[in-house]
Amino acid sequence: MTMLHRLRLTALGLLFGTAAACAAHDDGGLPKLHLEAGRTAVVGLSSGAYMATQAQLAYPELFHDAAIVAGGPYGCAGGNLQTALSSCMKGTPAIDVDALVATAHRRAAAGQLGSLDALAGAHVYLLHGRDDGTVAPAVAEAGAQFYRQLKAGAPALAGLQVVDDGGRAFAHNLPVAASGEDCDKSVSPYLGHCGFDAAGEIFRQLFGAPARAATEPKGTLRSFDQDALRPDGKDALLAAKGYLYVPPACAAGKPCGLVVALHGCKQNADAVGEAFVKDAGFNRWADVYGVAVLYPQTRASFAPLNPQACWDWWGYSGSDYDTRQGVQLRWLANAVRALGLPAKR
């Protein structure tokens, strides 16, 4: 190799190295990836958990699998904030799961949700701490019962796999592998140092056993323009910027899965910076499984009333919030399609 050739390679390396560094803070559009239909999942904590259930039922052809962390059943709030704060967080009055399952079937038949048969073979993992004082364990158990009854009432869903993991000792947070003193608390950024790697268990439950242990993430975390994905130009009440993690294999054009990770209330980037998108543990497992991770971000507002930047699971964005016409659900569908996700038939 000549000296001139070496200099050219060095210059190219600097050029592309600079481009990669900029990509981590690039607020442009989402890249097209080689995404595989069926190897997709939506994951959420708290309000993000309720939103994850809504996304899976509204668009099962896009969001095949789901992990619900500290959340309750689909349709729980019924468009009523008081119900959301009482039954759907504290479990009092008790949740009528039978009625919610009937609502899901009725809405699916009317086209307000996707075809429930599209959940055949899906994995649903429900994780909740027995010390959670924000979303009562009884509420999370109702979420598990919802999926069990959905399965029992539809022969096509005999292969739906529902795992209820509610015996672990942690509060209202997403447990991470490191140990600390906040596992039994619900404090910002709501990543409890419990010595339990929730992200790793979520990936295992949804995608099977890992091929190897996870190390530090080697891919690229970049930001993107969320406003560019507004459905029909309508404000989805989200932040201007979201995040996407792309593992090296996905960036190289190999077939790739997708996880949409939905933060909880007061866990958006405006509130906790990049703690959730960097430290929740999803990125390092994404490298192992060859799965990109999309981190949409909400924004706080007082009109409509959403001061804690929650995902809409009670109706602040409109009465159709938990159907295929809900503006935030349509935004999510736009986002995964922009990434190149084909619908699973």
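Two strands count as paired here if DSSP finds at least two bridges between them. Strands E2 (residues 65–69) and E3 (residues 123–129) clear that bar, pairing in the parallel sense over four bridges. Keep in mind that you're looking at a predicted model. Below is a quick tour of its open sheet of eight strands, the helices that pack on that sheet, and the two largest pockets.

**The sheet as a whole**

- Reading across the open sheet, the eight strands come in the order E4-E3-E2-E1-E9-E10-E8-E7, and the pairing is mixed.
- The edges belong to strand E4 (161–168) and strand E7 (220–225), each of which pairs on one side only.
- Going from one strand to the next, the twist averages 15°.
- As general background, strands of a sheet pair through backbone hydrogen bonds, in either a parallel or an antiparallel way.

**Who pairs with whom**

- E3 and E4 run parallel and are joined by six bridges. If you'd like a spot to find by eye, look at Leu 126, whose bridge partner in E4 is Asp 164.
- For the pairing of E2 with E3, a handy marker is Val 69, which stands opposite Leu 127 in E3.
- E1 and E2 are a parallel pair too, with five bridges. Val 43 has Ala 67 in E2 as its bridge partner.
- E1 also pairs with E9, again in the parallel sense, over six bridges. Here Leu 35 stands opposite Cys 256 in E9.

**Helices and crossovers**

- E1, H2 and E2 together make a right-handed β-α-β unit.
- Another β-α-β crossover takes the chain from E3 through helix H6 (residues 137–152) to E4, and this crossover is right-handed.
- H2 packs on the sheet, where it touches strand E1 (35–45), E2, E3 and strand E9 (256–262). The direction of H2 makes about 145° with that of E1.
- Helix H12 (residues 327–338) packs on the sheet as well, touching E1, E7, E9 and strand E10 (291–295). The direction of H12 makes about 150° with that of E9.

**The largest pocket**

- This pocket has a volume of about 490 Å³.
- Its lining is made up of 25 residues, and those nearest the centre are Ser 46, Met 89, Cys 265, Gln 308 and Cys 310.
- Which elements each supply at least two residues of this lining? They are helix H2 (47–58), helix H3 (81–85) and strand E12 (305–306). H2 is thus a helix to look at twice, as it also packs on the sheet.
- H3 provides the largest share of the lining, with three residues.
- By type, the lining residues split into 15 nonpolar, nine polar and one charged.

**The second largest pocket**

- The volume of the second largest pocket is about 160 Å³.
- It is lined by 13 residues, and Glu 216, Lys 278, Asp 279, Gly 281 and Arg 284 are the closest to its centre.
- Helix H10 (275–279) and helix H11 (282–289) each bring at least two residues to this lining.
- H11 gives the most, with three residues.
- How many of the lining residues here are charged? Five are charged, alongside six nonpolar and two polar ones.

Terms used:
Residues are numbered from 1 along each chain as its sequence is written. This is a predicted model: local features need pLDDT of at least 70, side-chain atom pairs count only at pLDDT 80 or more; totals for chains, interfaces and linings use all residues. Side-chain values use heavy atoms; hydrogens and water are left out. On a 1 Å grid over the protein atoms alone, a cavity is a set of points where a 1.4 Å probe fits but cannot get out, and a pocket is an open set with protein on both sides within 12 Å along at least five of seven lines; lining residues have an atom within 4 Å of a point. Grid points are joined across faces, edges and corners, and a volume is the space filled by probe spheres set on the points. Ala, Val, Leu, Ile, Met, Phe, Trp, Tyr, Cys and Pro count as nonpolar, Asp, Glu, Lys and Arg as charged, and the others, Gly among them, as polar. Axes are lines fitted to C-alpha atoms, for helices over the stretch in contact, and angles run from 0 to 180 degrees between N-to-C directions. Contact means heavy atoms within 4.5 Å. A crossover is right-handed if, with the strands pointing away from the viewer, the path from the first strand over the helix to the second runs clockwise.
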